[in-house]
Amino acid sequence: MGWRGILGFEYGIVQAPLGPDISGPELVAAVANAGAIGFLRAPDWETPDYLRELIRKTRTLTDKPFGVAVVLAFPHEENIKAILAEKVGVLQVSWGDVKEELVQEAHSAGVKVVPQVGSFEEAKKAIDVGVDAIIVQGREAGGHVIGQDGLISLLPRVVDLVGDRNIPVIAAGGIVDERGYVAAFALGAQGICLGTRFVATEESYAHPTYKRKLIELDETEYTTVFGRARWPAPHRALETPFFKDWKSLPAHESEINQPLIGHSTINGMVIGGFTRPLTSGSHRISRGAEKEIRRFSGTVPNRTTTGDIESMVMFAGEGVGLIKEILPAAEVVKRLVEGAKLLIHQQFGGLKSKEEVA
């Protein structure tokens, strides 16, 4: 069972990487301290020095292993070098093909590689290059969605594809409680990956209004309305009043030239009220500098965000209607494990195995 752990972790529970900086050191450390797998999200630009600082900050909060996630659709080579040099527990990659060379480099550094896939074909490619586990994301997931298939149909196909190889399959998409955990087991998964449930925790870096909306609202939609100019990928977001008014946005419209609705400090830190510069390659990144947020931007509000928060995108998976309160991350992990054990005992405790029947 997944609560016996995967990839050397105590439990088969994964906190999804939450961008751009919602899963910061505090959340990742809390998840790791609870025995689950937490992921920092690497910035979407090359900034290896800052990424090293994120990793080291997390290590001041936990002595347990954790991971860092990289979106391969953005510049990433220097960031990955930093991740491997820091020898984190797991490198998670998505939105791009994981290469055998990368897997070998990671293994040489003692780092496990776990891609997130959204199709049977992607899973096959990942297996062929020797990855350590696979996260299978269904269309039910919040945020950017990499595939078109629902989890209940895709997951068992990937499980069958893996067969008896020692590659744990982790289910992602719409899972928020012990019932989803047990359902994933029934489909053959050895673990689960949760995003929206961990956004709605005390330690997540999400704006309080974003967290509150995850409790108040229970409908999401698969859409392409937000962030078309920067990352024109399908995504699942909360059906806020703003989104309902604009969900039929014409295809030629994007955040470009839209009204300014707020500001946010992304992947940054203001020191003494001044910005601290960071040079990475040919790009000078001003850490702590405010990012302008325009209408239809794909940037979710974090704790620093100001402006018209309720008109900003709020990513969420289909299971959001089952989230009723903001909890500490450790309590989320505890309820998942204890709840799944109890549910299996109550619902299936009287069933006999094939061996007992024989």
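Just after helix α3, K87 takes a positive phi of about 55°. That's a handy place to step into this structure, which is a predicted model.

Let's back up into the helix itself. α3 covers residues 77–85, and its buried residues are N79, I80, A82, I83 and L84. What do these buried residues of α3 pack against? They sit against two helices, α2 (48–59) and α4 (100–108), and also against the strands β3 and β4 (90–94). If you're wondering about the spacing along a helix, here's the general rule: an α-helix has 3.6 residues a turn, so residues three or four places apart point the same way.

Those two strands lead us to the barrel. Eight strands close into it, going round in the order β1-β2-β3-β4-β5-β6-β8-β9, with parallel pairing. On average, neighbouring strands of this sheet are turned by 25° against each other, direction ignored. Within the barrel, β5 (residues 112–117) is mostly covered, with five of its six residues buried.

There's a second sheet to look at, and this one is open: three strands in the order β15-β12-β16, paired antiparallel. Its edges are β15 (290–294) and β16 (306–307), each of which pairs on one side only.

Here are a few of the strand pairs from both sheets, each with a bridge you can look up in the model:

| Strand pair | Direction | Bridges | One bridge pair |
|---|---|---|---|
| β2 (residues 37–41) and β3 (residues 67–71) | parallel | three | L40 and V68 |
| β4 and β5 | parallel | four | V90 and K112 |
| β12 (residues 260–265) and β16 | antiparallel | two | G262 and G307 |

Finally, have a look at R197, which lies in helix α8 (residues 196–199). This arginine is buried yet has no salt bridge. How far away is the nearest side chain of opposite charge? That side chain belongs to E325, and the distance is 6.3 Å. A salt bridge needs a side-chain nitrogen within 4 Å of a carboxyl oxygen, so the pair at 6.3 Å doesn't count as one.

The side chain of R197 does have a polar atom 2.7 Å from the backbone oxygen of A200. Setting aside neighbours within four places in sequence, R197 is in contact with V176, I323, E325, I326, L327 and V332. So E325 turns up twice for R197: as the nearest side chain of opposite charge, and as one of the residues in contact by the 4.5 Å cut-off between heavy atoms.

How values were computed:
Residues are numbered from 1 along each chain as its sequence is written. This is a predicted model: local features need pLDDT of at least 70, side-chain atom pairs count only at pLDDT 80 or more; totals for chains, interfaces and linings use all residues. Side-chain values use heavy atoms; hydrogens and water are left out. Two strands pair if DSSP finds at least two bridges between them. Axes are lines fitted to C-alpha atoms, for helices over the stretch in contact, and angles run from 0 to 180 degrees between N-to-C directions. Buried means under 20% relative accessible area, exposed over 50%, partly exposed in between (1.4 Å probe, protein chains only). Lys and Arg count as positive and Asp and Glu as negative; His and the chain ends are not counted. A polar contact is a pair of N or O atoms within 3.5 Å; within protein, one must be able to donate a hydrogen and the other to accept it, and residues adjacent in sequence count only if both atoms are side-chain atoms.
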